[in-house]
Amino acid sequence: MLSSTFCHIPQVGERTEWRIWEAGIWTWEDALASPLLDTLFSRSLAFHLRSFLERSLLRLEEEDIAFFGEHLPGRELWRLFPEFRHQAVFLDIETTGLNPPEDYVTAITLFDGYRIKTFIHGMNLRDFLEEVMAYRFIITFNGKCFDLPFLERSLRVRLPQVHLDLRYVMKSLGFSGGLKACERAIGIDRGPLRGVDGYTAVLLWRKYQDGCPEALETLLAYNVADTVNLERLMVFAYNEKVRRLPLSRPLLPEPRKRILIPYRVHEEILDEVFFERLRMLSRKGEVW
DNA sequence: AATGGACGTGCGGTAGATCT
DNA sequence: AGATCTACCGCACGTCCATT
């Protein structure tokens with residue numbers, strides 16, 4: 001898909017890109033070879049397009065994702081996924097609440113399609129920065145508004161990777177209502193983690209701090225599930241985006257591999273947390 | 001409840017096309 | 001060549017929304 005992309009060229013927006021495609025120019029190679037380009041555009045613009053495409057070919061060969069990250073409009077970053085999948089990592093964090101700096105990161109999961117790595121406050125959280133720097137492409141859900149600003153603020157760094165936020169891709173496809181709603185819409189079942197949300201993760205952390213190690217394991221299982229599911233969401237979003245373009249490009253196969261989650265969900269702990277939450281809610285009700 | 005980025009809308013500027 | 005018209009990129013502003 002990337003080598004059918006033209007909207008990363010300055011002076012080319014959505015309409016111009018569609019005009020190029022509709023003229024039968026589907027790839028960079030087409031554009032470089034086709035005399036059609038000269039009938040569509042002025043001599044100087046055609047020259048500009050060709051020289052930028054020569055550059056693009058070179059940068060793709062060098063696997064320079066930063067180049068495309070800079071030039072692609074944010075809403076089209078999804079096009080990078082197949083070509084840069086090997087440099088991509090899915091990321092999700094859990095915290096003690098929504099407001100840094102009072103709140104802090106409790107757990108982070110990285111998943112690169114093969115390996116899962118978790119980082120836990122008070123244990124190995126410090127290793128996170130070095131690990132994440134091994135990747136040049138970060139994929140999240142709502143990470144633009146939450147995960148990355150939160151991390152950058154608490155670690156006092158700026159993460160230089162190209163960052164794709166699936167929230168807006170899904171929204172553009174007509175799916176909204178959060179990660180769980182998107183998962184349900186595309187048929188992902190969370191099993192024993194059904195009904196668990198970010199606030200549950202906050203309560204699980206508190207319970208862990210009160211001396212319950214099973215609460216931490218359940219929290220990690222939740223964090224990992226969120227992260228691993230991002231890959232299926234990404235593949236779905238990519239394919240759906242490609243389907244809606246006026247040119248036929250190969251789709252990605254659904255990830256079929258079974259991901260072994262190294263943590264167990266302790267359902268009795270979840271029940272306790274749900275029950276406590278219910279009690280808190282009803283107590284609030286009495287006040288009113 | 002706070003955060004902060006994306007998106008839609010509308011506007012201005014510019015390049016190219018068309019006409020005389 | 002000059003005047004006018006058209007297309008559309010890119011920016012600013014206000015609104016929306018998902019995260020723990």
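Where the protein meets DNA strand C in this predicted model, the backbone of the nucleic acid does most of the work of making up the contact zone: 82% of the strand C atoms within 4 Å of the protein belong to sugar or phosphate, and the rest to bases. On the protein side, 25 residues sit around DNA strand C, and T16, T95, L98, N142 and L179 come nearest.

A few polar pairs give this meeting some detail. A phosphate oxygen of DNA strand C is 2.6 Å from a polar backbone atom of L179. A polar backbone atom also takes part at L98, this time with a base oxygen of DNA strand C, at 3.4 Å. With E94 it is the side chain that counts: one of its N or O atoms is 3.3 Å from a sugar or linking oxygen of DNA strand C. As for the elements that give two or more residues to the surface near the strand, these are α1 (14-22), β1 (88-95), α9 (166-172) and α11 (198-209).

T16, one of the residues that come nearest to DNA strand C, is found in helix α1. Its relative accessible area is just 17%, and because the cut-off for buried is under 20%, T16 counts as buried. Leaving aside residues up to four places away in sequence, T16 touches Q11 and F41.

G177 makes a handy contrast. This glycine is found in the loop between α9 and α10 (179-185). Here the relative accessible area is 68%, so G177 is exposed, the cut-off for that being over 50%. Looking back along the chain, R167 is 10 residues away from G177, and the C-alpha atoms of the two are separated by 9.3 Å.

Stepping back to the whole of chain A, there are 13 helices and five strands. The C-alpha atoms fill a box of roughly 75 × 40 × 35 Å along the principal axes. Of the 288 residues in chain A, 49% are buried. Plenty of the contacts reach across the sequence, too: among those between residues at least 6 apart, 64% join residues at least 24 apart.

As for the outside, the accessible surface of chain A comes to about 15000 Å², and carbon and sulfur atoms account for 52% of that. Charged side chains number 38 positive and 41 negative in chain A, and the centres of these two sets lie 4 Å apart.

Note on methods: Residues numbered from 1 in each chain as written. Chains lettered and ligands numbered in written order. Predicted model: local features only at pLDDT ≥ 70, side-chain atom pairs only at ≥ 80, totals over all residues. Heavy atoms only, no water. Helix = DSSP H or I, 4+ residues; strand = E, 2+ residues; numbered from the N terminus. Buried < 20%, exposed > 50% of the residue type's maximum accessible area, 1.4 Å probe, protein only. Contact = heavy atoms within 4.5 Å. Areas by Shrake-Rupley, 256 points an atom, 1.4 Å probe, with all protein chains shown as cover. Lys, Arg positive; Asp, Glu negative; His and termini not counted. Charge placed at Lys NZ, Arg CZ, Asp CG, Glu CD. Near = heavy atom within 4 Å. Polar contact = N/O pair within 3.5 Å; in protein donor to acceptor, adjacent residues only side chain to side chain.
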